[in-house]
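Thanks for passing this one along. Here are my notes, in the order I'd talk them through at the bench.

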Amino acid sequence: MNQSKPLVAVVDDDASVCRAMVRLLKSIGMDTHTFASGSEFLAFIAGMPSFHPDCVVLDLQMPGLNGLDVQEQLTRDHSPLSIIFITAYDESGARERALEGGAVAFLRKPFSDEVLIEALNEAIQRRSES
Amino acid sequence: MPLDHPNTPTVFLIDDDDSVRKALTRLIKSAGLRVLPFASAREFLDNGPHNGGPACLVLDVRLPGLSGLDLQRELRAAKAPYPIIFITGFGDVPTSVKAMKGGAVDFIPKPVRDEDLLRSIEQAMTRAARETAERDEIETLQGLADRLTPREREVMGLVVRGLLNKQIAFELGTSEKTVKVHRARVMKKMQVESLAELVRVTDKIASPAIRPS
């Protein structure tokens, strides 16, 4: 009962992105929970004590709390979660902020599956070392 | 506490996967808890009503037939809001977040970590015991209030609003002396000794806490 697949949280207001992520993650043997907004994700983490994702794939641009806001909150909560940012936009300064905040990767769409998988493996590796 | 005592804390486990159900039953029993396993939400509902003691549910979000979320909703509607711990293979936004908004205590991904489940059950049972005690208190207080005459009820309503006896007498078109008599009877019937206690008690009955589970 205790061997575990990596658990990845995906936070993106675009449902088609979430669906594509779920398909990919399943195909490489990872479990996933998706969330449509940063606040829903944070509320879930705070409210559900046994929900321990290994990493989170965070969309940068979202209505309400954006990816960087979520990262800031996770840092304030001393969360050990590894973060991978994904974005369609090239926002100046965002990449630096994200990486300075400790993100594992900052991926600009479109990116290949391989790039994402590499980032995920690194994120999970980092998580298990913390 | 003997297992058939009406107030034995009970864990209701619902999972359609035989091996998961067996493994979790063993785990929960090993922690010294009484556990009743079911293969479906329907089976659980058909075997009710269950004993009145503190209880919590451990159930898979994805069940065939009546889903975990549907059961959560039905139990709330039936005023049997057991705290619920959801376990899941993998989830998505509507399921997980809905369960949380419906008042789930925890959401444990499979494969379930022993310590996560046992800790959550402990938290759920504490909550269940507290909610059971509060529900019992409200029932008792309601019983006391039911013994008030209509006039006493009227006086009580005005007393807890902070009106002086003189003002109450004016409102009700009666004498201050009569109001004092009613007031004393109210205090006695509601088994309180101060205005503050009376207010506390009437607050509980007026808006009994509806705790989602």
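Which residues of helix 5 of chain A do Met21(A), Leu24(A) and Leu25(A) in helix 1 of chain A meet? Keep in mind that this is a predicted model.

1. On that question: the partners in helix 5 of chain A are Asp113(A), Leu116(A), Ile117(A) and Leu120(A). The axes of helix 1 (residues 15–27) and helix 5 (residues 113–129) of chain A come within 12 Å and cross at roughly 70°. That crossing angle makes helix 1 of chain A roughly perpendicular to helix 5 of chain A. The crossing of these two helices of chain A is right-handed.

2. Helix 1 of chain A also has a sheet to deal with. It lies across strand 1 (7–11), strand 2, strand 3 and strand 4 of chain A. Against strand 2 of chain A, helix 1 of chain A runs at about 175°.

3. Now the sheet of chain A. It is open, with five strands in the order 2-1-3-4-5 and parallel pairing. Strand 2 (31–35) and strand 5 (105–108) of chain A each have a single partner strand, so each has one side without a neighbour in the sheet. On average, neighbouring strands here are turned by 20° against each other, direction ignored.

4. For a closer look at one pair in chain A, take strand 3 (residues 55–59) and strand 4 (residues 82–87), which pair in the parallel sense over five bridges. Within that pairing, Val56(A) has Ile83(A) in strand 4 of chain A as its bridge partner.

5. Cysteines next, in case you were wondering. There are zero disulfides over all chains. Cys18(A) is in no disulfide, and its nearest cysteine sulfur, that of Cys55(A), is 14 Å away. Cys18(A) counts as buried because its relative accessibility is 7%, under the 20% cut-off. Cys55(A) is buried too, with a relative accessible area of 0%.

6. On to chain B. Its sheet is open, with five strands in the order 2-1-3-4-5 and parallel pairing. The edges are strand 2 (34–38) and strand 5 (106–109) of chain B, each with a single partner strand, so one side of each lacks a neighbour in the sheet. Neighbouring strands of this sheet are turned by 20° against each other on average, direction ignored.

7. Two details from chain B to finish. Strand 4 (residues 84–88) of chain B pairs with strand 5 of chain B in the parallel sense over four bridges, and Thr88(B) has Pro109(B) in strand 5 of chain B as its bridge partner. Helix 5 (residues 114–146) of chain B lies across strand 1 (10–14), strand 3 (55–60), strand 4 and strand 5 of chain B, at about 140° to strand 3 of chain B.

Notes:
Residues numbered from 1 in each chain as written. Chains lettered and ligands numbered in written order. Predicted model: local features only at pLDDT ≥ 70, side-chain atom pairs only at ≥ 80, totals over all residues. Heavy atoms only, no water. Disulfide = S-S within 2.5 Å. Buried < 20%, exposed > 50% of the residue type's maximum accessible area, 1.4 Å probe, protein only. Pairing = 2+ DSSP bridges. Axes fitted to C-alpha atoms, helices over the stretch in contact; angles between N-to-C directions. Contact = heavy atoms within 4.5 Å. Parallel < 35°, antiparallel > 145°, perpendicular 65-115°, else oblique. Left-handed = near helix turned anticlockwise from the far one by under 90°.
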